[in-house]
Structure formats: C-alpha cells, structure tokens
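Here is a friendly note to read alongside the structure. Keep the viewer open and look up each residue as you go.

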Amino acid sequence: MSRILNVVDVEATCWAGHPPPGSVSEIVEIGLTVVDLDAARRRERHRILVRPVRSRVSAFCTELTGLTQDEVDRGVSFAEACRRLASDHRAGQRPWASWGDYDRKQFLRQCAATPAAYPFGRHHTNAKLVFTEAHGLRKRPGMAQALERAGLPLEGRHHRGEDDAWNIAALVLDLVRRDRWPEP
C-alpha cells in the first residue's frame, strides 16, 4: 500500500487594504493534489470552488487569483466543500501538507465560524518549514522562490489554488527525493 499525501492550497477573498465593513476573508477555492510518496509522483489534481457568504471577490482578488465573483457564485457552500474533502479525498485519514500554516489556520477559523466540520486529520506538514530547513535557509521562501531554488518550473498560474497545490506537490516530491520529507 502506497503512502498517500494530500497537498492543499486555498485562495480566499482578499483586498488591497482592510476588508470592507462586515466582510471577512473566506475560502473561495481549494486546490488539492494527491501525491503518492512511494512512487514519487503526483497522481491527481482537484479544484473545489467555494461560494463566499460574508464577503465578495474584490478587483484586487481577481487580479491576484484570476477568480471572479460570478465564478465563485457557482461554487459549493463551505460546508459542502469540507464534506467533499472528507468523503472524496479522505482528508481526515490522509496526512496533508500546505505551503506555510495559513491554509490550516484558515480552515480552523472558517470551521469555527460556521457549522462546517473540520475535514482534516491531525497529520499536517508545513512544507515551507521543511523546505527551509532542508535547504539551510534563514528566511522562509514563498512558493515561487522555492521552485526557482529547487530548479523546478512554476506550472500554471501563481495564486490559483489548483495550480499552487500542484506546484507545492512538486516541491514535496523534490524533498522526498532528497530524503528530507518527514514521516507523519
């Protein structure tokens, strides 16, 4: 049986400055790449669009992510997205990773503020921290900087959840090849 890892990246509503009154940052896209650690390959890529209820996609957010309000309006509720992560991607059983701790904390915040159940198990790896330590860096690089340092291409659009999860998975596999990826 292969060791399987879910690599997750979220995009959330954002603004150039402070959020408008009454608005909070909400997940609008969940990118997920399934990684087979033993075969050292990315097996699947997925995208879940999420409909925000306490904010809207700003022009700044559209410029950054390419996501529009019309697009996310066709998404599922946050609770449904969490159910899909749990049922379709075994998020509660599989270890998972993200670039930094933002994604994990955003899920915790949003689950606490809604009736959605937290979909993930306790085995989370901060891939940014592992990469930083593996490369002996003093500062933690952004994902695009890490790809450049590792000699890997940036595939797709940066700040798009599906593409970022795919790229983070490439960095995870680079760490696996270097024997620097920790066991959950």
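The points below go from the sheet to the helices and then to the charged pairs.

1. **What kind of model this is.** Please keep in mind that this is a predicted model.

2. **The sheet.** A good place to begin is the open sheet of 5 strands, whose order is β3-β2-β1-β4-β5 and whose pairing is mixed. Which strands stand at the edges? They are β3 and β5 (124-126), each with a single partner strand, so one side of each is left without a neighbour in the sheet. On average, neighbouring strands here are turned by 25° against each other, direction ignored. As background, strands of a sheet pair through backbone hydrogen bonds, and they can do this in a parallel or an antiparallel way.

3. **Two antiparallel pairs.** Strand β1 (residues 4-12) and strand β2 (residues 27-36) run antiparallel and are joined by 9 bridges. To find one of these pairings, look for D9, whose bridge partner in β2 is G31. On to the next pair: β2 and β3 also run antiparallel, with 8 bridges between them. Here V34 has E44 in β3 as its bridge partner. The hairpin of β2 and β3 has 4 residues between the strands, and A40 takes a positive phi near 55° there.

4. **Helices on the sheet.** Helix α3 (residues 78-88) packs on the sheet and touches β2 and β3. The direction of α3 makes about 5° with that of β2. Helix α7 lies across β1, β2 and β3, and runs at about 30° to β2.

5. **A residue to zoom in on.** T33 is part of strand β2. Is T33 buried or exposed? T33 is buried, since its relative accessible area is 0%. Leaving out residues up to four places away in sequence, T33 touches several others, including L5, V7, R45, E162, W166 and A169. There is a polar detail to find here too: a polar atom of the T33 side chain lies 3.2 Å from the backbone nitrogen of W166.

6. **The two sides of α6.** Next, try looking down the axis of helix α6 (143-150). Which residues of α6 are buried? They are M143, A146, L147 and A150. These residues cover an arc of only 100° around the axis, which means that they sit on the same side of α6. The face turned away from that buried side carries the exposed residues Q145 and E148. Among the elements that cover the buried residues of α6 are α5 (127-134) and α7. After α6 comes G151, with a positive phi near 75°.

7. **R45 and its two acidic partners.** How many salt bridges does a search of the whole structure find? The search finds 14. One of them joins the side chains of E162 and R45, at 3.3 Å from N to O. E162 belongs to helix α7 (residues 161-177) and R45 to strand β3 (residues 41-49), so this pair ties together parts that are 117 residues apart in sequence. R45 also meets D163 in a salt bridge, at 2.6 Å from N to O. D163 is in helix α7 as well, so this second pair ties together parts that are 118 residues apart in sequence. As for accessibility, E162 is partly exposed at 21%, R45 is partly exposed at 32%, and D163 is buried at 15%. The cut-off helps here: buried means under 20% relative accessible area, so E162 at 21% counts as partly exposed.

8. **A charged network.** Finally, E71 forms a salt bridge with R160, and their closest N and O atoms are 3.3 Å apart. This pair links distant parts of the chain, with E71 in helix α2 (residues 69-73) and R160 in the loop between α6 and α7, 89 residues apart. Are these two partners buried or exposed? E71 is buried at 15% relative accessibility, and R160 is buried at 16%. Salt bridges that share partners join E29, R47, E71 and R160 into one network.

Technical notes: Residues are numbered from 1 along each chain as its sequence is written. This is a predicted model: local features need pLDDT of at least 70, side-chain atom pairs count only at pLDDT 80 or more; totals for chains, interfaces and linings use all residues. Side-chain values use heavy atoms; hydrogens and water are left out. A salt bridge is a side-chain nitrogen of Lys or Arg within 4 Å of a carboxyl oxygen of Asp or Glu. Buried means under 20% relative accessible area, exposed over 50%, partly exposed in between (1.4 Å probe, protein chains only). The arc is that of the directions from the helix axis to the C-beta atoms. Contact means heavy atoms within 4.5 Å. Two strands pair if DSSP finds at least two bridges between them. A polar contact is a pair of N or O atoms within 3.5 Å; within protein, one must be able to donate a hydrogen and the other to accept it, and residues adjacent in sequence count only if both atoms are side-chain atoms. Axes are lines fitted to C-alpha atoms, for helices over the stretch in contact, and angles run from 0 to 180 degrees between N-to-C directions.
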